[in-house]
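Visitor: I would like to learn how to read a protein model one feature at a time. Could you take me through one, giving the general idea before each case?

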Amino acid sequence: MNLYRKAKLAVKFRKAGEGHVLSESSSSQTQSQPNVPQQPRRAPTSDAQRAGQAAIARFQQQEKQPKRPHSATTTWKSRSNEPASKLDDGPGVNASKLRSEVEAEFIRESGACGSGEQQNFEKEVVHQDSAPILAVAGVFFICPFCSVSYVRQDIRAHMDDCLKESYKSDQILTPVNMIRSLNKDQSKVDGCVDVLCRYLDNILKNPDESKYRRIKQGNKVFQERVKPVKGSIEFLLACGFSEQPLPDNPGEMCFIIEEGATDVTEKLNIMKEILVATETCKPKLDRSLRVLKPSSSNSETVQLPEGFFDLSSDEVKKMQTERLVEVDRNSQLRTRAMREREEKNPARIYRFTLLRVKFPDGHILQGTFNAREKCQSLENFVREQLQNDWLPFVLSEPGGGILTHEESSFEELGLVPAAILHFNWDTAVLADLEASGKSMETNYLKVELLENIS
């Protein structure tokens, strides 16, 4: 034990430094130190001043927010009413004191710059771009009833207003379009159509039965399967029903076809045929066709709006389900082939993609596509804009691979949320033209497209 004690004492003495005589005065110690001339402080740079301002701002922000206790067993209570001197910024550090020291140091260093430089620093403003330049304004859809393009978030509301306006002049076909096109849940639409056809069949098969000419609004089937569907009430009115109170119960409303109404059978047959034959009219994706100049296409970057990344509620639920499946899959052993197959199908979902096709003359053709569309749609889109649309061509990726998977989707090929492809005429066609002594025209796109480049 004595050996260990001596070793500890030796370590302590070495840490204490060199010794001195007790009778030696403190003045002699200070005189023994060499006199080093003190250099004047240099003025802080603009970067140092900005750093000081940022530090002060952080300390001020930390003082406003209550801090959580470091102990996991301590209950956290708001201390916003306590004085700033009691708010700690961690163990052993006083935020208020530290902030005041930094602020005093910053003011002291700023004072060495002179009053003129300090005033310029206070007026200095860093200007930044307010928003990036987007490659496309957004995702637009074309209304199937008026062919007007609207942004994705407003297309449904516009279709509703469009059909309501059309109902004023066409009360036969418009209610059917309302049923088919204004309701998102297809199962509810099918259920409503089934009940409406049953109403009409009962009247057609039993024209003399008065009970089939009445539809009680308090009926459970009507309340659950007909009334919630948009356009169902307008359809009943178009069939000849009128809203009236029940003869035997005036307190309850119903839809009634009067027994003396003429041509009821013919009208109901026509309305049933229209209801069954009409298909859903969905808004069509607007390609947002755009042609970029050779000079501007090189400098412009592809920056997409938020509409390209917004997901519907069904897609969010699908992603959550896939994540739960992935967690369960990761807990199991998998082969290399299984892992490679999963990597080809990423969990991230993109609804749309912005595709650009670059031509040899430098022009770029741009369009918006659904991520699950087939590659054939891109080829059709490009062919419609060509001056010589009868000649075969090829589209290649930047790496050199030719796009030949016509039945594959853009999502499967990884061309989402944006991609650039290169256009070239088919090599066999070029060889035939060279052999015949002819040459291709320098303009690839239609003249009207090149004239309308902004």
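**Reading the sheet and its neighbours**

Guide: Let us begin with a single pair of residues in a sheet, where R290 stands opposite Q366 in strand 9. Please keep in mind throughout that this is a predicted model.

Visitor: How do the two strands of that first pairing run, and how many bridges do strand 7 and strand 9 share?

Guide: Strand 7 and strand 9 pair over three bridges, and the sense of the pairing is antiparallel.

Visitor: In what order do the five strands of the open sheet follow one another?

Guide: To read a sheet, one goes from strand to strand across it and notes the order and the pairing. Here the five strands of the open sheet follow the order 7-9-8-11-10, and their pairing is mixed. Strand 7 (290-292) and strand 10 stand at the edges with a single partner strand each, so each of them has one side without a neighbour in the sheet. If direction is ignored, neighbouring strands of this sheet are turned by 30° against each other on average.

Visitor: What packs on the sheet?

Guide: Helix 15 packs on the sheet, where it touches strand 8, strand 9, strand 10 and strand 11, and its direction makes about 145° with that of strand 9. The buried residues of this helix are C375, S377, L378, E379, F381 and V382, and what covers them includes strand 8, strand 9, strand 10 and strand 11.

Visitor: Which strands are joined to strand 11 by bridges, and in which sense do they run?

Guide: Strand 8 (residues 352-358) runs parallel to strand 11 and is joined to it by five bridges, and in this pairing V357 has L421 as its bridge partner. Strand 10 (residues 393-396), by contrast, runs antiparallel to strand 11 and is joined to it by four bridges. There, F393 stands opposite W425.

Visitor: Which residues of strand 11 belong to the covered face, and which to the uncovered one?

Guide: It helps to sort the residues of a strand by face. In strand 11 (residues 418-425), the covered face holds A419, L421, F423 and W425, while A418, I420, H422 and N424 make up the uncovered face.

Visitor: How many aromatic pairs are counted, and how should I read one of them?

Guide: One reads a ring pair from two values, the distance between the centres and the angle between the planes. The count here comes to 10 aromatic pairs. In one of them, the ring centres of F369 and F381 are 5.4 Å apart and the planes stand at 90°, which is over 60, so the pair counts as edge-to-face. Because F369 lies in strand 9 (residues 364-370) and F381 in helix 15 (residues 375-384), this pair ties together parts that are 12 residues apart in sequence. Both F369 and F381 are buried.

Visitor: Which residues do ring pairs link into a cluster?

Guide: The cluster linked by ring pairs consists of F359, F393, F423, W425 and Y444. Two of these names have come up together already, since F393 stands opposite W425 in strand 11.

Visitor: At what angle do helix 8 and helix 11 cross?

Guide: For two helices, one looks at the distance between the axes, the angle, and the handedness of the crossing. The axes of helix 8 (residues 186-205) and helix 11 (residues 264-277) come within 10 Å and cross at roughly 160°. Since angles over 145 degrees count as roughly antiparallel, helix 8 and helix 11 are therefore roughly antiparallel to each other. Their crossing is left-handed, and the residues that meet include V193, L196 and L200 in helix 8 and L268, K272 and L275 in helix 11.

Visitor: And how do helix 6 and helix 7 pack?

Guide: Helix 6 (residues 155-167) and helix 7 (residues 173-181) have their axes 9 Å apart and pack at an angle of about 165°, and they are therefore roughly antiparallel to each other. Helix 6 passes helix 7 in a left-handed crossing.

Visitor: Is Q217 buried or exposed?

Guide: For a residue in a loop, one asks how much of its area is accessible. Q217 is found in the loop between strand 3 (214-216) and helix 9 (220-226). Its relative accessible area is 14%, and because buried means under 20%, Q217 counts as buried. Leaving aside neighbours within four places in sequence, the contacts of Q217 are F222, Q223, E243, M253, C254 and F255.

Methods. Residues are numbered from 1 along each chain as its sequence is written. This is a predicted model: local features need pLDDT of at least 70, side-chain atom pairs count only at pLDDT 80 or more; totals for chains, interfaces and linings use all residues. Side-chain values use heavy atoms; hydrogens and water are left out. Buried means under 20% relative accessible area, exposed over 50%, partly exposed in between (1.4 Å probe, protein chains only). Two strands pair if DSSP finds at least two bridges between them. Rings of Phe, Tyr and Trp (its six-membered ring) pair if their centres lie within 6.5 Å; planes under 30 degrees apart count as stacked, over 60 as edge-to-face and the rest as tilted. Axes are lines fitted to C-alpha atoms, for helices over the stretch in contact, and angles run from 0 to 180 degrees between N-to-C directions. Angles under 35 degrees count as roughly parallel, over 145 as roughly antiparallel, 65 to 115 as roughly perpendicular and the rest as oblique. A crossing is left-handed if the near helix is turned anticlockwise from the far one by less than a right angle, and right-handed if clockwise. Contact means heavy atoms within 4.5 Å.
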